[in-house]
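Here's a friendly walk through a protein you may not have met before. Take a look at it first, and then we'll go from the outside in.

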Amino acid sequence: MQAKCMSFTPYPFLCRIWLVDLARYLPASARIDGFDIDLTQCPPKEWLPPNVSVHNLDCLAPLPDRLVGRYDIVHIQLFHLAVNSNDPAPIIKNLVKLLKPGGWISWGEIDYSRWKIVRTKEGKNTTDNLTPLLEMIGTLGGTKPNWTTDDWPVRLPEFFEQNGLVNITTDNRPFPLELLPFQLDTALMASEEVSYKALDHIAGDLGSCCRELITRVFRDRQKLAYNVGRLTVIGQRPDN
């Protein structure tokens, strides 16, 4: 029997990492599909494993009939910016439609309610520029409500149950300390992209202020970082 898996993420590089990693553990007969609204950061098809493919798809739009009831596993991650009004239910409804009876949804998210500044001994007196940077990115320079304060990620089990999923399991743990510098570097790259693509076009010098914070944070990366919850919630579509 051919297993079919799919992945959604608004960050194409993360989508392909998950897909390629999964391909190493599954038999060659498994069909692994990645979906995103922008595939420009994905590698060419011939550079992917033969059983991995990527496609354009908006997970909030009506699904093509060819995808309904097709997948054994649907994985989605880091949709904090894509969820509107603190309500992931419209996305979950679409994801459930993709599953075969008995299929599973796996949702990975960052739990910002567990945000914590972590310091080395050398950094005990280092100025915290990370929290102001999070505030700037979270509110787009004070122009929008802070998406990092939305509580829908920790309520995903509740949303899963409301949408008919069963056997719901949650795992929420901090990142290992040795990974914090790499997590920080990734966050700074994403923040820089936001500064150029969004903040530079809003008003004043928001973009340059953001980049100055990024420079300060990077300067102190051996002294100060942050940790958050690595939240994963899984749920199963009933067999009937």
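Start with the skin: the accessible surface of the protein comes to about 12900 Å², and carbon and sulfur atoms make up 56% of that. Keep in mind that this is a predicted model. As for charge, there are 26 positive and 28 negative side chains, and the centres of these two sets sit 4 Å apart.

Now for the overall build. The protein has six helices and seven strands, and if you read along the sequence they come in the pattern β-α-β-β-β-α-β-α-α-β-α-α-β. The radius of gyration is 19 Å, close to the 18 Å that the globule rule gives for 240 residues, so the protein is as compact as a globular protein of that length. Along its principal axes, the C-alpha trace spans about 60 × 40 × 40 Å.

What about the inside? Of the 240 residues, 42% count as buried. Among contacts with a separation of 6 or more, 77% are between residues 24 or more positions apart.

A good place to look next is helix H3, residues 130–139. Seven of its 10 residues are buried, so this helix is largely enclosed by the rest of the structure. The buried ones are Leu 130, Leu 133, Leu 134, Met 136, Ile 137, Gly 138 and Thr 139. Their cover includes strand E5 (99–119), helix H5 (180–197), helix H6 (206–219) and strand E7 (224–236). Just after H3 comes Leu 140, with a positive phi of about 50°.

Let's finish with the aromatic rings, which form five pairs. One of them joins Tyr 112 and Trp 147 edge-to-face, at 5.6 Å centre to centre and with 85° between the planes. Tyr 112 lies in strand E5 and Trp 147 in the loop between H3 and helix H4 (156–162), so the pair ties together parts that are 35 residues apart in sequence. Trp 147 counts as buried, at 15% relative accessibility.

Another pair is Trp 115 with Tyr 226: their ring centres are 4.7 Å apart and their planes are at 15°, so this pair is stacked. Trp 115 is in strand E5 and Tyr 226 in strand E7, so here the parts tied together are 111 residues apart in sequence. Is each partner buried or partly exposed? Trp 115 counts as partly exposed, at 22% relative accessibility, whereas Tyr 226 counts as buried, at 9%. Finally, look for Phe 79, Trp 107 and Trp 152, which form one aromatic cluster.

Note on methods
Residues are numbered from 1 along each chain as its sequence is written. This is a predicted model: local features need pLDDT of at least 70, side-chain atom pairs count only at pLDDT 80 or more; totals for chains, interfaces and linings use all residues. Side-chain values use heavy atoms; hydrogens and water are left out. Helices (H or I, at least four residues) and strands (E, at least two) are DSSP runs, numbered from the N terminus. The radius of gyration is taken over C-alpha atoms; the globule rule is 2.2 Å times the number of residues to the power 0.38. Buried means under 20% relative accessible area, exposed over 50%, partly exposed in between (1.4 Å probe, protein chains only). Contact means heavy atoms within 4.5 Å. Accessible areas come from the Shrake-Rupley method with a 1.4 Å probe; for residues, only the protein chains shown count as cover. Lys and Arg count as positive and Asp and Glu as negative; His and the chain ends are not counted. The place of a charge is taken as NZ of Lys, CZ of Arg, CG of Asp or CD of Glu. Rings of Phe, Tyr and Trp (its six-membered ring) pair if their centres lie within 6.5 Å; planes under 30 degrees apart count as stacked, over 60 as edge-to-face and the rest as tilted.
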